[in-house]
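Reader: I would like to learn how to read a model of this kind, feature by feature. Could you begin with one residue and work outwards from there?

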Protein chains: 2
Amino acid sequence: MTNIIDALHWRYATKTYDLTKKLDSTQVDMLIESVRLSPASFGLSTYKLIHVKNTETREKLKAAAWGQTQISDASDFLVFAAKTNLGEADINEFINDVSETRNVPVESLTGYADMIKGSVGSRSSEENIVWAAKQAYIGLGILLTAAALEKIDATPMEGFDSAQFDEILGLSALNLKSIVVVAIGYRSENDTYSSLAKVRQSKQNLMIEK
Amino acid sequence: MTNIIDALHWRYATKTYDLTKKLDSTQVDMLIESVRLSPASFGLSTYKLIHVKNTETREKLKAAAWGQTQISDASDFLVFAAKTNLGEADINEFINDVSETRNVPVESLTGYADMIKGSVGSRSSEENIVWAAKQAYIGLGILLTAAALEKIDATPMEGFDSAQFDEILGLSALNLKSIVVVAIGYRSENDTYSSLAKVRQSKQNLMIEK
């Protein structure tokens, strides 16, 4: 397997995908699993991942994202969506999961549950959506790494109309809001972006020692 | 090298660190490099990484984070801090980097520069800090993956007083704001949390197909 630093050098935000090359379900499942296992604050589930399989829907989403072809042309397309009504029900469900998974009584988890409820309850809905979005970005970072390690190309994208995406995917009715999206598949041989040198700040510029 | 899914199963938010086991500089440099190479919107640098080496400073930070011992006891401690004055100067510096790295004239990048300036300029300072924070969380996700692949333990933490951290680290004067922190090192053999089963929602719960 590729070293992670090599993999991060290898990857780039793919611009043009090879229409003929598709990921198999094992590959897509591995990427989904990497998101599912991603760390999250408290371990709480604050977002969902939408796998958009319908071709027409992907065309509509492309139109709501300045026509970026990755949305329709990549093998697969995923949308991270934050829960907009995060609250006691989610926390109780999570605590039940903890109880079952670890085989401990729910009553023994009351202190933990109250701490999470206090934290989530101290923020407005808008603030909790930002918080959920940050957790989703951890998952995105991990998915991009998992993809690069397996030489799967990916394009993370923020440039889309979130309200239109929510409308097209019917997310509002599910109490979800689209946050960030990612196309995955294989680069086209004609993608000139693949040969551009990666631009990153120097270590000296990134780091501060205290 | 470990498979990424195995690595994500192996990792957990380490509670108690082994005080006697330290990372060597090669390991820390690899983790920093994984953050440096992390994808970011436009490729723009929107955050810095503070490596807190001073023992007294780490004690003060611990006190500003409900006494969580990982801050003082882990081998190393890192703070992701968002730029609070993101603007034209950062974008011009980035464009100069692109010009030098890719050996193209700055003038040929005017359209790209204007697009980034338009995007950053369309948001308030507060909104740009949230945006920078999201980019930092991609870096955090990648650092956590890089660590797990190398069997380095890590604890991502949001539970700290950001204003106090900024004060202790002198970040405001640098136009920075602490966003999220991570302790890295080796778990103590006595950390009972290491044997707890990981709790994650099911794939069915995470995924929606459209």
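**From one residue to the whole assembly**

Author: Start with contacts, where two residues count as touching if their C-beta atoms, placed from the backbone, lie within 7 Å. When its neighbours within four places in sequence are set aside, B:F80 is in contact with B:Y47, B:L49, B:A136, B:G139, B:L140, B:I179, B:V180 and B:V181. This is a predicted model, in which local features need pLDDT of at least 70, side-chain atom pairs count only at pLDDT 80 or more, and totals for chains, interfaces and linings use all residues. Residues are numbered from 1 along each chain as its sequence is written, while chains are lettered from A and ligands numbered from 1 in the order in which they are written.

Reader: Which residues have the most contacts inside the largest nonpolar core?

Author: A nonpolar core is a set of buried Ala, Val, Leu, Ile, Met, Phe, Trp, Tyr and Cys residues joined through C-beta atoms within 7 Å. A residue is buried if 20 or more other C-beta atoms lie within 10 Å of its own, exposed if 12 or fewer, and partly exposed in between. The largest such core here has 117 residues, and those with the most contacts inside it are A:F80, A:A136, A:I184, B:F80, B:A136 and B:I184.

Reader: How should I read a sheet, and what is the strand order of the one that ends in β5(B)?

Author: Helices (H or I, at least four residues) and strands (E, at least two) are DSSP runs numbered from the N terminus, and two strands pair if DSSP finds at least two bridges between them. The order in this open sheet of five strands is β3(A)-β4(A)-β2(A)-β1(A)-β5(B), with mixed pairing. Its edge strands, each paired on one side only, are β3 (153–157) of chain A and β5 (207–209) of chain B. Within the sheet, β2 (residues 76–83) and β4 (residues 176–185) of chain A run antiparallel and are joined by eight bridges, with A:A81 opposite A:S178 and A:A82 partnered by A:K177. On the other pairing, five bridges join β1(A) to β2(A), again antiparallel, and A:K48 has A:A81 as its bridge partner.

Reader: Is β2(A) mostly covered or mostly open, and what packs on the sheet?

Author: β2(A) is mostly covered, since eight of its eight residues are buried. Helix α8 (residues 162–169) of chain A packs on the sheet, touching β1, β2 and β4 of chain A, and its direction makes about 85° with that of β4(A). Such angles run from 0 to 180 degrees between N-to-C directions, the axes being lines fitted to C-alpha atoms, for helices over the stretch in contact.

Reader: Which strand order does the sheet holding β5(A) have?

Author: That open sheet, also of five strands with mixed pairing, has the order β5(A)-β1(B)-β2(B)-β4(B)-β3(B). The twist averages 25° from one strand to the next. Three bridges join β5(A) to β1 (residues 47–51) of chain B, and these two strands run parallel. Across this pair, A:I208 stands opposite B:I50 and A:E209 opposite B:H51.

Reader: How is chain A related to chain B?

Author: The idea is to superpose the copies by least squares on the C-alpha atoms of residues with pLDDT of at least 70 in both. Chain A can be laid on chain B with an RMSD of 0.0 Å by a turn of 180° and a shift of 0.0 Å along the axis, which is the relation of a two-fold axis.

Reader: How many residues does the contact take from each chain?

Author: In general, the size of an interface is often given as the accessible area lost when the parts come together. Counted by residues, the contact takes 57 from chain A and 57 from chain B. On the side of chain A that touches chain B, α7(A) gives the most, with 13 residues. The residues of that side divide into 30 nonpolar, 15 polar and 12 charged, where Ala, Val, Leu, Ile, Met, Phe, Trp, Tyr, Cys and Pro count as nonpolar, Asp, Glu, Lys and Arg as charged, and the others, Gly among them, as polar. Because 100% of the interface residues of chain A are also interface residues in chain B, the copies meet through the same surface.
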